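Work through the following exercises with the sequence and the 3D structure side by side. Try each task before you read its solution.

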Amino acid sequence: MADMLKVTLVKSPIGAIPKHRRTVEALGLTKLHKTALLPNNAATKGMINQVSYLLKVEEA
């Protein structure tokens, strides 16, 4: 299970641009402090990199 990332929404996406809000929703994060386990692959890393200012990321 070392190839998973634990992603937590720590800042509200309300003031973010619409594309970033949709990216956060696509990651499965709908509320503050909600956590999602996501695969550690290039697509997920790209999404996380785009909205990194809203997230906290840890190895799971």
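**Exercise 1.** Find which residues of helix 1 (residues 18-26) are buried, and determine which parts of the structure these buried residues pack against.

*Solution.* Begin with the conventions: this is a predicted model, in which local features need pLDDT of at least 70 and side-chain atom pairs count only at pLDDT 80 or more, while totals for chains, interfaces and linings use all residues. Residues are numbered from 1 along each chain as its sequence is written, and side-chain values use heavy atoms, with hydrogens and water left out.

Step 1: helices (H or I, at least four residues) and strands (E, at least two) are DSSP runs, numbered from the N terminus. Buried means under 20% relative accessible area, exposed over 50%, and partly exposed in between, with a 1.4 Å probe and protein chains only. By this rule H20, T23 and V24 are buried in helix 1.

Step 2: these residues cover an arc of only 100° around the axis, taken from the directions from the helix axis to the C-beta atoms, and therefore they lie on the same side of helix 1. As background, an α-helix has 3.6 residues a turn, so residues three or four places apart point the same way.

Step 3: the buried residues of helix 1 pack against strand 1 and helix 2 (42-50), where contact means heavy atoms within 4.5 Å. The face turned away from the buried side carries the exposed residues R22, E25 and A26. After helix 1 comes G28, with a positive phi near 90°.

**Exercise 2.** Describe how the three strands are arranged in the sheet.

*Solution.* Step 1: two strands pair if DSSP finds at least two bridges between them. The three strands form an open sheet in the order 2-1-3, with antiparallel pairing.

Step 2: strand 2 and strand 3 are the edge strands, since each pairs on one side only. Strand 1 and strand 3 pair in the antiparallel sense over five bridges, and T8 stands opposite K56 in strand 3.

**Exercise 3.** List the residues of the largest nonpolar core, and state which strand gives the most to this core.

*Solution.* Step 1: a nonpolar core is a set of buried Ala, Val, Leu, Ile, Met, Phe, Trp, Tyr and Cys residues joined through side-chain atoms within 4.5 Å. The largest one has twelve residues, namely L5, V7, L9, V24, L27, L29, A36, L38, I48, V51, L54 and L55.

Step 2: strand 1 (4-9) and strand 2 (35-39) are the elements that give two or more residues to this core, and strand 1 gives the most, with three residues.

Step 3: take L55 as an example, which touches V7, T8, L9, V10, L27, L29 and I48 when residues up to four places away in sequence are not counted.

**Exercise 4.** How many salt bridges does the structure hold, and which residues are linked in a network of them?

*Solution.* Step 1: a salt bridge is a side-chain nitrogen of Lys or Arg within 4 Å of a carboxyl oxygen of Asp or Glu. The structure holds two salt bridges.

Step 2: one of them joins the side chains of E58 and K6 (4.0 Å, N to O). Because E58 lies in strand 3 (residues 55-59) and K6 in strand 1, this pair ties together parts that are 52 residues apart in sequence.

Step 3: the side chains of K56 and E58 also meet in a salt bridge (3.5 Å, N to O), and K6, K56 and E58 are thus linked in a network.

Step 4: check the accessibility of each partner, where E58 is partly exposed at 32%, K6 is partly exposed at 34%, and K56 is partly exposed at 41%.
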